[in-house]
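Biologist: I should like to go through this model one question at a time. Please give the reasoning before each answer.

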Amino acid sequence: MTPRDGSTPAHRPEPTVLQAALTHLQCLLVARRSRVNPEGVNWHQYDVLELLRARGSMRPSELSDVLEVSRQTTSKTLRVLKDLKLVQQMTVGEDRRELSTSLTPEGHRFLARIARGHHDVGRLAASVLTEGESALFAELCEKVAAAMESDQAR
């Protein structure tokens, strides 16, 4: 198909079988994630929620330090999560300027729903793979993930 401006379209090589399979799996996983996450919580926001679940109440400065992001980024993230009613903040200390952030009951329900979604995907994969295939698939996923993390660090 020729673009409207009459130029020749850029030739894109056909994807390899591996690229096509990865793209298909990624599309299915993203679609499934969207179904269990209608709030649209992004990865960083999810990390904050998981950290609060694991550690309990934390000050915003502690969240910033642990997640290695700026205080401004943490502040914006917490505003969104408060608007979604997934976290709450309460003043602590005598000068009442210090805040403690914790999950709300809705935040706990959100994380439980996400965990069920992860469990469902794992159960589905286990139902179609043998024990050996499951172990190999897990090993290969970790290998690709490590390569992606290494590439991202560059």
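Modeller: This is a predicted model, in which local features need pLDDT of at least 70, side-chain atom pairs count only at pLDDT 80 or more, and totals for chains, interfaces and linings use all residues. Residues are numbered from 1 along each chain as its sequence is written, and side-chain values use heavy atoms, with hydrogens and water left out.

Biologist: Is E68 buried or exposed?

Modeller: Buried means under 20% relative accessible area, exposed over 50%, and partly exposed in between (1.4 Å probe, protein chains only). The place of E68 is the loop between α3 and α4; helices are DSSP runs of H or I with at least four residues, strands are runs of E with at least two, and both are numbered from the N terminus. Because its relative accessible area is 72%, E68 is exposed.

Biologist: What is the phi of E68?

Modeller: Most residues other than glycine have a negative phi. E68 is not a glycine, yet its phi is positive, at about 55°.

Biologist: Where is K85, and what is its phi?

Modeller: K85 comes just after α4, in the loop between α4 and β1. At 58% relative accessibility, K85 counts as exposed. Although K85 is a residue other than glycine, its phi is positive, near 65°.

Biologist: Which residues does T104 touch, if those up to four places away in sequence are not counted?

Modeller: T104 belongs to the loop between β2 and α5. With a relative accessible area of 9%, T104 is buried. Contact means heavy atoms within 4.5 Å. By this rule T104 touches K85, L86, V87 and Q88.

Biologist: How far does helix α4 reach from its first C-alpha to its last?

Modeller: The expected span of a helix is 1.5 Å times one less than its number of residues. Helix α4 covers residues 71-83, which makes 13 residues, and the expected span is 18 Å. The model comes close to this, for the reach of α4 is 18 Å.

Biologist: Why are the buried residues of α4 on the same side, and how wide is their arc?

Modeller: An α-helix has 3.6 residues a turn, so residues three or four places apart point the same way. In α4 the buried residues are T74, T77, L78 and L81. The arc is that of the directions from the helix axis to the C-beta atoms. These residues lie on the same side of α4 because they cover an arc of only 100°.

Biologist: What do the buried residues of α4 pack against?

Modeller: On the other side of α4, Q72 and D83 are exposed. The buried residues of α4, by contrast, pack against α2, α3 (60-67), β1 (87-92) and β2 (98-103).

Biologist: What covers the buried residues of α2?

Modeller: The 13 residues of α2 should span 18 Å, and its end C-alpha atoms are 18 Å apart, which agrees. The buried residues of α2 are H44, Q45, Y46, V48, L49, L51 and L52. What covers them includes α3, α4, β1, β2 and α5.

Biologist: Which residues is V121 in contact with, leaving aside its neighbours within four places in sequence?

Modeller: V121 is in helix α5 and, at 28% relative accessibility, counts as partly exposed. V121 and E50 are 71 residues apart in sequence, and their C-alpha atoms are 19 Å apart in space. With those neighbours set aside, V121 is in contact with L29 and R32.
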